[in-house]
Amino acid sequence: MIIAANFKTNLTRQKTAEYMAVLEAFLEKEGVTQEVMVFPPATALDRFDGRTQVGTQNAYPTRNGAFTGELGLEQLEEFGTDTILIGHSERRHVMGESQEEIARKFSFYKEKGFTIVYCIGEPLEVREAGNDALMDYLEAQLEGIDLHYKKLVIAYEPVWAIGTGLTPSLGDIELIHAALKQRVAKPLLYGGSVKVDNAREILALQHVDGILVGSGALAVEDFCRMIRDAETLHKGE
Ligand code: PEP
């Protein structure tokens, strides 16, 4: 399983370093075998000791150049960062990234061999329009994306579930993941208001290969508990 934390615009460089130290000590002590990823804010990227895959929440499809406010490959290479989140709902709906821009970013970082956690998810009005509308919407978010890329991970994150405390029913998660798995044969994470209280039941669902957690992972102790859930489920405990 893959257990991933997206800090968004939270925690500082100092707090991230403290977080990583606690996390790595935990992974070592418990002998965790599951994959763990952390996406800190760009100012906190670094080479951390340990086995966590540290990725960037965003980057521009360029090596360097005149792209004020953006990061390029050159800045990521400095920290050995080779993992990226692309298509997150906040990039799509708050920053207004189009599918075309997202696909361009995907192609660039695929070409550079990055692990890409590619996020898709529907807004509430689409969810309310029924399953066909929902799958059509998700399909459009796959446009221009190489679904055979070997370092691709998909994260299904309903927009209406992100940061709201709402989640689809377990049955709905299972249903949508089953349909997505038929379309894309890649690891499939669920994201959207995953917390310590619901992580285990979500991780236990068929076709859920892991979780992408935002606010629920900001306290390292909570993130560790979710990792332990994944580990024990994996061992069949
Ligand atoms: C996310 O940022 O990907 C996310 C799922 O956020 P939250 O867990 O806070 O809903």
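## Exercises on strand β2 and a helix pair

β2 and strand β3 (residues 53–54) pair in the parallel sense over two bridges, where pairing requires that DSSP finds at least two bridges between the strands. The model is predicted, so local features need pLDDT of at least 70 and side-chain atom pairs pLDDT 80 or more, while totals for chains, interfaces and linings use all residues. Residues are numbered from 1 along each chain as its sequence is written, and side-chain values use heavy atoms, with hydrogens and water left out.

**Exercise 1.** Work out which residues are the bridge partners of V38 in β3 and of A5 in β2.

*Solution.* Begin with β3, where V54 is the bridge partner of V38. Then turn to strand β1 (residues 2–6), which pairs with β2 in the parallel sense over five bridges; here A5 has V38 as its bridge partner in β2.

**Exercise 2.** Explain why β2 is described as largely enclosed by the rest of the structure.

*Solution.* Take residues 35–39, the five residues of strand β2, and note that four of them are buried, so the strand is largely enclosed by the rest of the structure; buried means under 20% relative accessible area with a 1.4 Å probe, protein chains only.

**Exercise 3.** Describe how helix α6 (residues 131–140) packs with helix α7 (residues 170–183).

*Solution.* First take the geometry: the angle is about 45° and the axes lie 12 Å apart. Next name the residues in contact (heavy atoms within 4.5 Å): N131, L134, M135, L138 and E139 in α6 meet L175, I176, A179, L180 and R183 in α7.

Note on methods: Buried means under 20% relative accessible area, exposed over 50%, partly exposed in between (1.4 Å probe, protein chains only). Helices (H or I, at least four residues) and strands (E, at least two) are DSSP runs, numbered from the N terminus. Axes are lines fitted to C-alpha atoms, for helices over the stretch in contact, and angles run from 0 to 180 degrees between N-to-C directions.
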